[in-house]
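Here are my notes on this model, point by point. Please read them with the coordinates open.

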Amino acid sequence: MVVFRRNKLRNVIKIVAFSAISLSFASSSAFSADATGNASAQIQTAVSVVENTAMNFGSTAVDASGGTVSMSAAGVVSGPGGYTFSGSPTAGAFTVTADASTAVTISFTDGTLTGPGTAMALNNLALLRFVE
């Protein structure tokens, strides 16, 4: 059996309480600091892309030999000798608005052109002209 005198117990409680308070102040002041610095930023406006003209291949009649159909920047459609083209084809056109020297990435996902008749693969998009 452990017996404490009343005065010794009070002293132990005071020492433990003082140690806990001292540690909490020491730990918070040891890791805090004030500093002043300068920062700057250039805020750019959002990039805006608007489709002005939808790409339209017109009507394409193909033969059994297969082949590739291309469209020029002027909207002229061409393909293998056995293909015929009609309608009003138009090249796609977009307006991109952004701050000067803003980097813009143009990407394309291969897909399929569908409509009446056999579906055709759409791939190998090339950016033919860029007007600044």
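1. Val96 sits in strand S6. That strand covers residues 93–97. The model is a predicted one, and every point below should be read that way.

2. Is Val96 buried, partly exposed or exposed? Its relative accessible area is 42%. Buried would need under 20% and exposed over 50%, so Val96 counts as partly exposed.

3. Look next at the partners of Val96. Setting aside residues up to four places away in sequence, Val96 touches Val47, Ser48 and Val49. Take Val49 as one of these partners. Val49 and Val96 are 47 residues apart in sequence, yet their C-alpha atoms are 4.5 Å apart in space.

4. Which residues make the nonpolar surface patch? Val47, Val49, Phe94, Val96, Val104 and Ile106 make it, and the patch amounts to about 550 Å². Val47 and Val49 thus appear twice in these notes: as members of the patch and as contacts of Val96. A residue needs over 30% relative accessible area to join a patch; Val96, at 42%, passes that cut-off.

5. Follow the chain onward to the loop between S6 and strand S7, where S7 is 111–113. Ser101 lies in this loop. The phi angle of Ser101 is near 70°, a positive value in a residue that is not glycine. Please check the backbone there. Ser101 is also exposed, because its relative accessible area is 80% and the cut-off for exposed is over 50%.

6. Thr102 is in the loop between S6 and S7 as well. A polar atom of the Thr102 side chain lies 2.7 Å from the backbone oxygen of Asp99. Leaving out residues up to four places away in sequence, Thr102 touches Gln44 and Val47. Val47 is therefore a shared partner: Thr102 touches it, and Val96 does too, under the contact limit of 4.5 Å between heavy atoms.

7. Now the core. Which residues form the largest nonpolar core? There are six: Phe57, Val69, Met71, Val77, Tyr83 and Ala91. Ala91 has a long contact list once neighbours within four places in sequence are left aside: Thr53, Ala54, Met55, Met71, Ser72, Ala73 and Gly75. Among them, Met71 is also a core member.

8. Thr60 belongs to strand S2, residues 59–61. Its relative accessible area is 27%, so Thr60 is partly exposed. Beyond residues up to four places away in sequence, Thr60 touches Val69, Tyr83, Thr84 and Phe85. Val69 and Tyr83 are both in the largest nonpolar core. Thr60 and Ser86 are 26 residues apart in sequence and 6.6 Å apart in space, C-alpha to C-alpha.

9. Step back to the whole chain. How many helices and strands does the chain have? One helix and eight strands. In sequence order the pattern reads α-β-β-β-β-β-β-β-β.

10. Some totals to finish. The chain has 132 residues, of which 6% count as buried. Its accessible surface is about 11,300 Å², with 57% of that belonging to carbon and sulfur atoms. Among contacts with a separation of 6 or more, 47% join residues 24 or more positions apart. The pair Val96 and Val49, 47 residues apart in sequence, shows one such separation in the chain.

Conventions. Residues numbered from 1 in each chain as written. Heavy atoms only, no water. Patch = residues over 30% accessible without salt bridge, like charges linked within 9 Å, V, L, I, M, F, W, Y side chains within 5 Å. Areas by Shrake-Rupley, 256 points an atom, 1.4 Å probe, with all protein chains shown as cover. Salt bridge = Lys/Arg side-chain N within 4 Å of Asp/Glu carboxyl O. Helix = DSSP H or I, 4+ residues; strand = E, 2+ residues; numbered from the N terminus. Buried < 20%, exposed > 50% of the residue type's maximum accessible area, 1.4 Å probe, protein only. Core = buried A, V, L, I, M, F, W, Y, C linked by side-chain atoms within 4.5 Å. Polar contact = N/O pair within 3.5 Å; in protein donor to acceptor, adjacent residues only side chain to side chain.
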